[in-house]
There are 2 protein chains.
Amino acid sequence: MSITFAPAAGLSHEALEEGAVFAPRFDEKGLVTAIAVEASSGAVLMVAHMNAEALARTLETGEAHYYSRSRGKIWRKGETSGEIQKLVEIRADCDQDALLVVVEQTGRGGACHTGRKTCFYRRVEVAEAAATLVPIGEPRLFDPSDVYGAS
Amino acid sequence: MSITFAPAAGLSHEALEEGAVFAPRFDEKGLVTAIAVEASSGAVLMVAHMNAEALARTLETGEAHYYSRSRGKIWRKGETSGEIQKLVEIRADCDQDALLVVVEQTGRGGACHTGRKTCFYRRVEVAEAAATLVPIGEPRLFDPSDVYGAS
């Protein structure tokens, strides 16, 4: 099985937004935004990107694959860390340029490479026209230097 | 008050990921990905983009502002529809190129321009190497033709 996707070009707004044709609107780099959320809690775990191949592999294998812009290649989430994401379902947004990737986070439950459950572990605090980041108390579930080696 | 942000260039990985300096990593178009989630439920409502000005205005006014790539301008969410998003907090991700915008969705509760609560109202279904979209049953909370006029 190799899943291919319908081209978005030529689809009307109506078809894109209300139709049954899944035609992901990959950008000029061939990517869509992929937001991983935890199935059990709905928590946003991370934001990444998928190209057509990463999306197809995710649907085919039932494990989240992304495209790493920094490394320029497909990346099976958890291939190094063991923090595999089991796919529950994918949802597309209205104009089909973003995907919600609903997963069960396996391993130690740390979707973030820093070892935390979520990448969103700091909130913005504003005081006197200056914005700073304050930790919200997400614990590290693993030590990244154990998992990825010393950087 | 006019909030400015620290430049990300020159910050170490460690500073970016573990530090208190909020230095949003705007891309080559000056944008970061902004994911609006509903404070009460944690539900992902929509994905949009912010430039520095939209982000500053959001923090300054307490109402979500985005940058419309199609219209090429700042957009106060709800300015036409009345579906204003009251800011609860913003969280930054590990490498500071994505923001979680935690909001109370006002108006009729429809963050999506199609009138639904969320833009993610269809899930991907795969059968025999073909992927289609299936509605998950999100009702329309308003009629977009009433709100935006006939298209």
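Visitor: Which strand of chain B does β5(A) pair with, and in what sense?

Guide: Keep in mind that this is a predicted model. Here β5(A) pairs with strand β7 (residues 122-127) of chain B, in the antiparallel sense, over two bridges. To read a pairing, look for residues that sit across from one another. Ala92(A) has Arg122(B) as its bridge partner in β7(B), and Arg91(A) stands opposite Arg123(B).

Visitor: What is the strand order of the open sheet, then?

Guide: Read it from one edge to the other: β2(A)-β1(A)-β6(A)-β5(A)-β7(B)-β8(B), six strands with mixed pairing. The edges are β2 of chain A and β8 of chain B; each has a single partner strand, so one side of each lacks a neighbour in the sheet. From one strand to the next, the twist averages 35 degrees.

Visitor: Which strands does α2(A) touch when it packs on the sheet?

Guide: Strands from both chains. α2(A) touches β2 and β5 of chain A together with β7 and β8 of chain B, and its direction makes about 125 degrees with that of β2(A).

Visitor: Which residues of helix α2 of chain A are buried?

Guide: First the general idea. An α-helix has 3.6 residues a turn, so residues three or four places apart point the same way. Now the case at hand: in α2 (residues 52-61) of chain A, the buried residues are Ala54(A), Leu55(A), Ala56(A), Arg57(A), Thr58(A) and Leu59(A). The buried residues of α2(A) pack against β2, β3, β4 and β5 of chain A, along with β7 and β8 of chain B. After the helix comes Gly62(A), with a positive phi near 75 degrees.

Visitor: How many residues of chain A are in contact with chain B?

Guide: People often give the size of an interface as the accessible area lost when the parts come together. Counting contacts instead, 37 residues of chain A meet 37 residues of chain B. Chain A's side divides into 25 nonpolar, six polar and six charged residues.

Visitor: What rotation superposes chain A on chain B?

Guide: One of 180 degrees, with 0.0 Å of shift along its axis and an RMSD of 0.0 Å. The two copies are thus related as by a two-fold rotation axis. If you want to find that axis by eye, start at Gly42(A): of the residues of chain A, its C-alpha comes closest, at 3.2 Å. The interface fits this picture: 100% of the interface residues of chain A are also interface residues in chain B, so the copies meet through the same surface.

Visitor: Why is β6 of chain B described as largely enclosed?

Guide: Because seven of the eight residues of β6 (residues 98-105) of chain B are buried. Check its partners too. β1(B) runs parallel to β6(B), joined by six bridges, with Ala34(B) partnered to Leu99(B). β5(B) runs antiparallel to β6(B) over seven bridges, and there Ile90(B) stands opposite Val101(B). The hairpin of β5(B) and β6(B) has five residues between the strands, and Gln96(B) takes a positive phi near 60 degrees.

Visitor: Which residues have the most contacts inside the largest nonpolar core?

Guide: That core has 76 residues, and those with the most contacts inside it are Ile35(A), Ala36(A), Val101(A), Ile35(B), Ala36(B) and Val101(B). Take Val101(B) as an example: leaving aside neighbours within four places in sequence, Val101(B) is in contact with Ala34(B), Ile35(B), Ala36(B), Ala64(B) and Ile90(B).

Notes
Residues are numbered from 1 along each chain as its sequence is written. Chains are lettered from A and ligands numbered from 1 in the order in which they are written. This is a predicted model: local features need pLDDT of at least 70, side-chain atom pairs count only at pLDDT 80 or more; totals for chains, interfaces and linings use all residues. Copies are superposed by least squares on the C-alpha atoms of residues with pLDDT of at least 70 in both. Two residues are in contact if their C-beta atoms, placed from the backbone, lie within 7 Å. Ala, Val, Leu, Ile, Met, Phe, Trp, Tyr, Cys and Pro count as nonpolar, Asp, Glu, Lys and Arg as charged, and the others, Gly among them, as polar. Two strands pair if DSSP finds at least two bridges between them. Helices (H or I, at least four residues) and strands (E, at least two) are DSSP runs, numbered from the N terminus. A residue is buried if 20 or more other C-beta atoms lie within 10 Å of its own, exposed if 12 or fewer, and partly exposed in between; C-beta atoms are placed from the backbone. Axes are lines fitted to C-alpha atoms, for helices over the stretch in contact, and angles run from 0 to 180 degrees between N-to-C directions. A nonpolar core is a set of buried Ala, Val, Leu, Ile, Met, Phe, Trp, Tyr and Cys residues joined through C-beta atoms within 7 Å.
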